[in-house]
Amino acid sequence: MQINHDTRCALDEVVDLLNTATDGDQPDLLLSVADLGAYVERNSLSDVGKLTEDDLGAVRSVRERFAEVFEAGEDRTAAGLVNALVAEAGTTPQLTDHDGYDWHVHYFAPGASVAHHLAADGGMALAFIIVSGERDRLRRCAAPDCRRAFVDLSRNRSRRYCDSRTCGNRLHVAAYRARQRESAETAQG
Ligand SMILES: [Zn+2]
Ligand SMILES: [Zn+2]
């Protein structure tokens, strides 16, 4: 799948936002304006002004909308969700080469709130995935106690686990131990 750098960055922002939601024993990581500030910082979101409680509420609701797109059973459902999200955010596609990055397109309107920024750019990135027929790459980790979101960008769409808790690795080790036990039992028997 051909996916350009901006789309990839926007998808990373979507995934990071989704993964601030409470999951298993992880608390919600987006409960305060400071939490939102940390999110903006670690994703290097540009053109974000002073953050307020209103921004926090609006971004939390964008997070729910992204989650619905991930959960959508069909392309048509996902497309409708993305259309509504992007329409509400309003977009003004603009070529930009800020901060030493090569030319790329920002979809959010100049002066957009952080929620509209995320809805426009994240929404368009999800739109490109749907257009490419790649919606099944929007996934949740398959580890039993983990529901973290990720986008599978592997060539053969084989990725099943998130990496932030090394879920895949942990299961790999569990499978290895099980095989060892089996072969030890076979040797004894
Ligand atoms: Zn940019
Ligand atoms: Zn996981």
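This briefing covers one helix, one zinc site and the nonpolar cores of the structure above. The model is predicted: local features need pLDDT of at least 70, side-chain atom pairs count only at pLDDT 80 or more, and totals for chains, interfaces and linings use all residues. Residues are numbered from 1 along each chain as its sequence is written, chains are lettered from A and ligands numbered from 1 in the order in which they are written, and side-chain values use heavy atoms, with hydrogens and water left out.

**Helix 4**

- Helices (H or I, at least four residues) and strands (E, at least two) are DSSP runs, numbered from the N terminus.
- Helix 4 has 15 residues (75-89), and its end C-alpha atoms are 21 Å apart, which agrees with the 21 Å expected at 1.5 Å a residue; the expected span is 1.5 Å times one less than the number of residues.
- Its buried residues are Ala-78, Val-82, Leu-85, Val-86 and Ala-89; buried means under 20% relative accessible area, exposed over 50%, and partly exposed in between (1.4 Å probe, protein chains only).
- These residues cover an arc of only 95° around the axis, so they lie on the same side of helix 4; the arc is that of the directions from the helix axis to the C-beta atoms.
- The face turned away from the buried side carries the exposed residues Arg-76, Asn-83, Ala-87 and Glu-88.
- Helix 3 (53-71), strand 1 (91-96) and helix 5 (114-131) are what the buried residues of helix 4 pack against, where contact means heavy atoms within 4.5 Å.
- Gly-90, just after helix 4, has a positive phi of about 70°.

**Zinc site**

- The zinc ion (ligand 2) has as protein donors the SG atoms of Cys-141, Cys-146, Cys-162 and Cys-167, lying 2.3 Å from it; donors are N, O and S atoms within 2.8 Å of the metal (3.2 Å for Na, K and Ca), and sites may look incomplete because water is not among the atoms.
- Along the chain, the donors follow the spacing C-x4-C-x15-C-x4-C.
- Cys-141, in the loop between strand 3 (138-140) and strand 4 (149-151), and Cys-167, in helix 6 (residues 167-188), are 26 residues apart.
- Both Cys-141 and Cys-167 are buried.

**Nonpolar cores**

- A nonpolar core is a set of buried Ala, Val, Leu, Ile, Met, Phe, Trp, Tyr and Cys residues joined through side-chain atoms within 4.5 Å.
- In the largest core, of 41 residues, Leu-36 and Phe-70 touch the most other members.
- Helix 5 gives the most to this core, with 10 residues.
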